[in-house]
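The following exercises concern the sheet and the nonpolar cores of one protein chain. Please work through each task before reading its solution.

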Amino acid sequence: MKITIVGRQLNVFDDTKAMIEKKLAKLDKFFKDGTAEAVVTLSRKRNTSTLEVTINASGTLFRSEVDADDFRVAMDETIDRIERQIRKNKTRLAKKLRETAFIPEPLPEEVVEEDPGLIIRTKKFEYQPMTAEEAIMQMNLLGHSFYIYNDADTGDTCVVYARKDGSYGLIEPLK
């Protein structure tokens, strides 16, 4: 697994980098094709350490963000969360990872706007054709309340979203 470690307004020491690489090595058993890429972002605000891990494995994103007193505690919790995500969706993911094992997808680019206007943050990403069920799974893995995707059958850009009652909604364009 390729690992990129980013420190936001702090220096990441070699022992912390080694600890992160060792902990993420435990997840290699799930990504046997070796194309998985992990981006680890560390930041500290006041007395809270925030650790965010995003893993891109053949176009499927796994994400966890944990606040803790220490980066070691946050890393342990993050690894546990990502393992739970993988196990929860094991059969769907196994099928998807086999189908796209040789097509690495780039990570989303994040652009932070400097102008304090209406738009605070802009993200650009490539989206792939998939079914509504796959989009819901991806939305849940990322921990988002909505997900934009290209419908595999129609080619239309659609949106799935989580409703307050726990069900899911689908927004499709009119033809």
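**Exercise 1.** In which sense do β1 and β2 pair, and over how many bridges?

Solution. The model is predicted, with local features requiring pLDDT of at least 70 and side-chain atom pairs pLDDT 80 or more, while totals for chains, interfaces and linings use all residues. Residues are numbered from 1 along each chain as its sequence is written, and side-chain values use heavy atoms, without hydrogens and water. Strands (E, at least two residues) and helices (H or I, at least four) are DSSP runs numbered from the N terminus. Two strands pair if DSSP finds at least two bridges between them. β1 and β2 pair in the parallel sense, over seven bridges. Within β2, E37 stands opposite K2.

**Exercise 2.** Determine the strand order and the edges of the sheet.

Solution. The open sheet has four strands in the order β1-β2-β3-β4, with mixed pairing. β1 (2–8) and β4 each have a single partner strand, so one side of each lacks a neighbour in the sheet.

**Exercise 3.** Which element gives the largest share of the largest nonpolar core?

Solution. Such a core joins buried Ala, Val, Leu, Ile, Met, Phe, Trp, Tyr and Cys residues through side-chain atoms within 4.5 Å; buried means under 20% relative accessible area (1.4 Å probe, protein chains only). Of its 25 residues, those touching the most other members include L24, F31 and L51. Elements giving two or more residues include α1 (14–25), β3 (48–57) and α2 (71–88). The largest share, six residues, comes from α2.

Terms used: Buried means under 20% relative accessible area, exposed over 50%, partly exposed in between (1.4 Å probe, protein chains only).
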